[in-house]
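Reader: I would like a close, unhurried look at one part of this model, please: the side chains that sit inside it. Take me through them in one connected account.

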Amino acid sequence: MGVPEKLAARMSMAEQHDYLRARFSRRTMIRGGAVTLGAVAGGAFVPGATAQAAVPTQRGSSSAESVDGALVAPFGRHLAWGNDPRTEITVSWQVPVAVKKPFIRVGAHPWDLSRKIEAEVRTLHTPAGVGAGGDHTQYYLHAQLTHLRPGRTYYYGVGHQGFDPAEPHLLGTLGTFTTAPAHKAPFTFTAFGDEGVGYHGLANNALILGQNPAFHLHAGDIAYGDPAGQGKTTDTGFDSRTWDQFLHQTESVAKQVPWMPSYGNHDMEAWYSPNGYGGEDARWTLPDNGPDRENLPGVYSFSYGNTAVISLDANDVSFEIPANLGISGGTQTKWLETQLKRYRASKDIDFIVVFFHHCAYCTSVAHASEGGVRQEWVPLFEKYTVDLVINGHNHQYERTDVIKGDKVTKKLPIGGTAYPETEGVVYVTAGAAGRSLYAFTAPDSYEGHEHETDSVASFVNTRDGKVNETVGWSRVRYLDYSFLRVDVTPAPRGRQTTLTVSGIAETGNRIDHFTVSRRAK
């Protein structure tokens with residue numbers, strides 16, 4: 001049953017959606033066989049942490065002074081999981097000017113967008129004199145959806161007064177997302193770090209979309225609005241408008257694939273808040289289950305199928321770039337151990353993947369390895385047999401052998417298999433998403449072009465400065481643009497379940513692959 005013909009002739013498509021929502025109860029729609037609003041019942045927006053700016057900002061409902069909303073199109077849509085990817089997701093986007101009454105429509109079909117939810121507005125003002133840009137205000141909008149159904153695909157459209165995605169001529173602006181399944185099932189996720197704005201980031205995004213990932217991990221240094229990356233108000237070259245370009249660039253993927261970032265040194269924008277994350281708080285709504293939402297908004301965890309994912313903030317432990325060194329007072333490390341212990345004890349979780357920015361093990365001539373990470377977190381990774389650690393920071397691809405106690409416990413050739421329960425941890429630097437590349441001291445060695453080298457000169461950043469080291473764990477090195485693909489294959493209890501990890505070049509060629517295997521619970 002639809003809108004009566006006489007009424008329909010006088011109503012817009014959006015008004016017809018609202019009419020049907022009011023006319024038919026949830027129960028009636030269920031009995032009629034439609035996939036119903038019950039799938040998004042309880043959906044709401046949830047205010048996040050205050051996004052402070054260089055001058056006080058106004059948060060809450062925006063009010064446009066004279067701009068016709070019909071002339072303003074949203075852009076930069078990006079998704080993020082809530083605390084439970086089976087039932088929670090946040091849709092975020094941007095508008096170039098203030099608009100009235102922003103909202104999101106959600107439904108099970110493009111023609112069923114009758115669930116309309118108000119959006120939260122977070123304004124971020126950057127005054128003239130801060131960085132390279134003039135006086136500039138950015139408008140970020142967020143709608144957190146809850147009580148979704150596991151394993152379902154939803155359609156959504158974002159709009160405001162004058163721009164309603166339910167109108168026929170705007171249906172092309174709709175996006176989709178799919179919640180995590182209720183049970184263990186095969187899935188793929190992708191990861192990289194250090195993207196920025198440019199051709200190579202765009203090219204990698206196109207390839208990532210083709211992998212059909214369930215979610216994407218960004219291991220820090222996201223847009224490079226602050227190119228200096230020291231986390232200080234004296235950093236030169238800062239331009240908040242870089243984020244407009246970045247969110248536009250990533251929208252093709254992030255509008256349908258949850259884009260889960262951790263924060264790197266270039267993400268500490270010191271003008272907005274003491275911890276440098278005031279700007280990030282305006283742009284992102286991430287899971288809020290970390291240890292210190294105020295100081296460490298990029299620290300959180302979630303589980304998808306049989307895999308737990310933990311995002312850490314390595315700025316808290318970085319000796320190399322100490323702007324936020326010690327900001328958590330040790331609470332992040334304590335929280336990490338609690339999470340690792342909980343996930344390892346869970347009967348539903350087989351794999352634990354940890355991602356963050358600064359590298360635990362890398363031989364790049366630029367940043368190499370971070371001693372703070374080795375000191376604070378590596379012992380916990382080994383104690384709780386973490387299955388995969390993903391880093392950025394160094395702009396190249398590098399993968400280690402299996403490591404425990406700073407030593408190689410097992411060589412892991414391309415195509416090999418690691419057993420973390422007994423052997424140790426594998427670390428991957430996937431920092432070649434788009435920014436200018438760094439260099440190695442040893443020759444490249446990757447799939448089809450292997451150059452075995454068991455002794456590589458490098459260094460580690462310590463509290464007392466750089467300390468040279470010669471390492472034997474650098475197994476794969478590739479100095480060009482790339483990203484990581486991870487295929488998760490569950491197995492019946494007692495059988496071997498696997499993570500198949502592949503390095504994929506911007507050309508589409510595979511540069512590395514290996515397997516992580518453990519006994520399924």
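Author: Let's start with the disulfides: the count in this predicted model comes to zero. Cys359 shows how that works out, because its closest cysteine sulfur, in Cys362, lies 4.4 Å away, too far for a bond, when a disulfide needs the two sulfur atoms within 2.5 Å. Seen from the other side, Cys362 is in no disulfide either, and its nearest cysteine sulfur is that of Cys359. Cys359 is buried, with a relative accessible area of 0%, and Cys362 is buried with a value of 0% too.

From sulfur we can turn to the rings. Searching the whole structure gives 20 aromatic pairs. One of them joins Tyr156 and Phe177, with 6.0 Å from centre to centre and 35° between the planes, which makes it a tilted pair. Tyr156 belongs to strand E7 (residues 153-159) and Phe177 to strand E8 (residues 175-178), so this contact ties together parts that are 21 residues apart in sequence. Both partners are hidden from solvent: Tyr156 is buried at a relative accessible area of 0%, and Phe177 is buried at 1%.

A second pair, Phe238 with Trp271, has another geometry. Here the ring centres are 4.3 Å apart and the planes meet at 20°, so the pair is stacked; the cut-off for that label is an angle under 30 degrees. Phe238 sits in the loop between strand E10 (215-219) and H5, while Trp271 sits in the loop between strand E11 (259-262) and helix H6 (278-283), so the pair ties together parts 33 residues apart in sequence. Phe238 counts as buried because its relative accessibility is 0%. Trp271 has a relative accessible area of 12% and is buried as well, because anything under 20% counts as buried.

Some rings gather in a group. Trp81, Phe187, Phe189, Phe215, Phe302 and Tyr304 make up one aromatic cluster. Other rings have a charge for company: the charged end of Lys116 sits over the ring of Phe103, 4.3 Å from its centre. In the same spirit, Arg342 lies over the face of Tyr343, and the distance to the ring centre is 4.4 Å.

The loop that holds Phe238 leads us to H5. This helix covers residues 242-254, 13 residues in total, and spans 17 Å from its first C-alpha to its last, close to the 18 Å expected. H5 also bends, by about 30°, at His248. Of its 13 residues, 10 are buried, so H5 is largely enclosed by the rest of the structure. Among the buried ones are Trp243, Phe246, Leu247 and Val253, and the polar or charged side chains Asp244, Gln249 and Glu251 are buried too.

We can finish with a strand. E24 (residues 474-478) is mostly covered, since five of its five residues are buried. E24 pairs with strand E17 (residues 397-400) in the antiparallel sense, over four bridges. To find this pairing on screen, pick Arg399 and look across to Val476, its bridge partner in E24.

Notes. Residues are numbered from 1 along each chain as its sequence is written. This is a predicted model: local features need pLDDT of at least 70, side-chain atom pairs count only at pLDDT 80 or more; totals for chains, interfaces and linings use all residues. Side-chain values use heavy atoms; hydrogens and water are left out. Helices (H or I, at least four residues) and strands (E, at least two) are DSSP runs, numbered from the N terminus. The expected span of a helix is 1.5 Å times one less than its number of residues. The bend at a residue is the angle between axes fitted to the seven residues ending there and the seven starting there. Buried means under 20% relative accessible area, exposed over 50%, partly exposed in between (1.4 Å probe, protein chains only). Rings of Phe, Tyr and Trp (its six-membered ring) pair if their centres lie within 6.5 Å; planes under 30 degrees apart count as stacked, over 60 as edge-to-face and the rest as tilted. A charge sits over a ring if NZ of Lys or CZ of Arg is within 6 Å of the ring centre and within 35 degrees of the ring normal. Two strands pair if DSSP finds at least two bridges between them.
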